[in-house]
Amino acid sequence: MDYLNQNIAINLKKIRLARGYSLDVVAEQTGVSKSMLGQIERGEANPTIGTLGKIVSGLRVELTDLVETPGESVYPVCGDTLIPTKEAEGQYRVYTYFPYEKERNFEIYVIELEPGASYKSGAHGENTKEYVIVEKGSLILKIDGQSYLVKSSDAIRFDSDKNHEYYNSGQELLKFVSIFSYTM
């Protein structure tokens, strides 16, 4: 499940329960079937924008009320169920754990690179730093013609206002955590 579907699942159920509605009542108000609403709440469905439109109209809420990160004191993310937000078959996969939100100044991703693969990243803007922690394999990070070797259990921080490239020169899968931090 991707982070948007997880947000929608949590938020829809929270709205429904706060109003004391059953799935039958929400189905009647929105025109979305009870079974579809149940699948959405369990994170088993990928609702279309049309379905979301029916839900927000029927419940009289804003779309952002459904898609924003829930204001939970604990917000678990199960890595085993995440689907890549970016990928190139046989090359790389990018998993979004905590995406950009205006209330906080960081994002967290996990990136996997197959042996011999690279992932080119554009600049992330002024006042942005990136922190990379290698979990598995060895990373070659290329920035402005310089190459930096970051091995398993090692980390690197850099200003990410320039184009950069991640490269896996090893024979095994490379897996690393990427954290973007913004100063305002």
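Reader: What makes the two faces of strand 8 (residues 155-159) unlike, covered or uncovered?

Author: In this predicted model, I156 and F158 lie on the covered face of strand 8. The uncovered face carries A155, R157 and D159.

Reader: How do you know that strand 5 and strand 8 pair?

Author: Two strands pair if at least two bridges are found between them. Strand 5 (residues 128-136) and strand 8 are joined by five bridges, so they count as paired. The two run antiparallel. One residue to look for is Y131, whose bridge partner in strand 8 is R157. You have met R157 already, on the uncovered face.

Reader: Why is the contact of E135 and K175 called a salt bridge?

Author: The cut-off is 4 Å between a side-chain nitrogen of Lys or Arg and a carboxyl oxygen of Asp or Glu. For E135 and K175 the N to O distance is 3.9 Å, so the pair qualifies. E135 belongs to strand 5 and K175 to strand 10 (residues 174-182), 40 residues apart.

Reader: Are these two buried, exposed or partly exposed, and why?

Author: Partly exposed covers values between 20% and 50%. E135 has 44% relative accessibility, so it is partly exposed. K175, with a relative accessible area of 26%, is partly exposed because that value also falls in this range.

Reader: What makes R16 and E41 a salt bridge?

Author: Their side chains meet at 2.7 Å, N to O, and the limit is 4 Å, so the name applies. R16 sits in helix 1 (residues 3-18) and E41 in helix 3 (residues 34-41), and 25 residues separate them. Both R16 and E41 are buried, which means that each has under 20% relative accessible area.

Reader: And what ties E112 to R93?

Author: A salt bridge does, with the closest N and O atoms 2.9 Å apart. E112 is in strand 3 (residues 106-113) and R93 in strand 2 (residues 92-98), so the pair ties together parts 19 residues apart in sequence. Both E112 and R93 are buried. Salt bridges with shared partners also join R93, E112 and E114 into one network.

Reader: How many salt bridges does a search of the whole structure find?

Author: The search finds eight salt bridges.

Reader: Why is E62 called exposed?

Author: Exposed means over 50%, and E62 has 54% relative accessibility, so it counts as exposed. E62 is placed in the loop between helix 4 (49-59) and helix 5 (63-67). Together with D65, E68 and E103, E62 forms a negative surface patch.

Key:
Residues numbered from 1 in each chain as written. Predicted model: local features only at pLDDT ≥ 70, side-chain atom pairs only at ≥ 80, totals over all residues. Heavy atoms only, no water. Buried < 20%, exposed > 50% of the residue type's maximum accessible area, 1.4 Å probe, protein only. Helix = DSSP H or I, 4+ residues; strand = E, 2+ residues; numbered from the N terminus. Patch = residues over 30% accessible without salt bridge, like charges linked within 9 Å, V, L, I, M, F, W, Y side chains within 5 Å. Areas by Shrake-Rupley, 256 points an atom, 1.4 Å probe, with all protein chains shown as cover. Lys, Arg positive; Asp, Glu negative; His and termini not counted. Charge placed at Lys NZ, Arg CZ, Asp CG, Glu CD.
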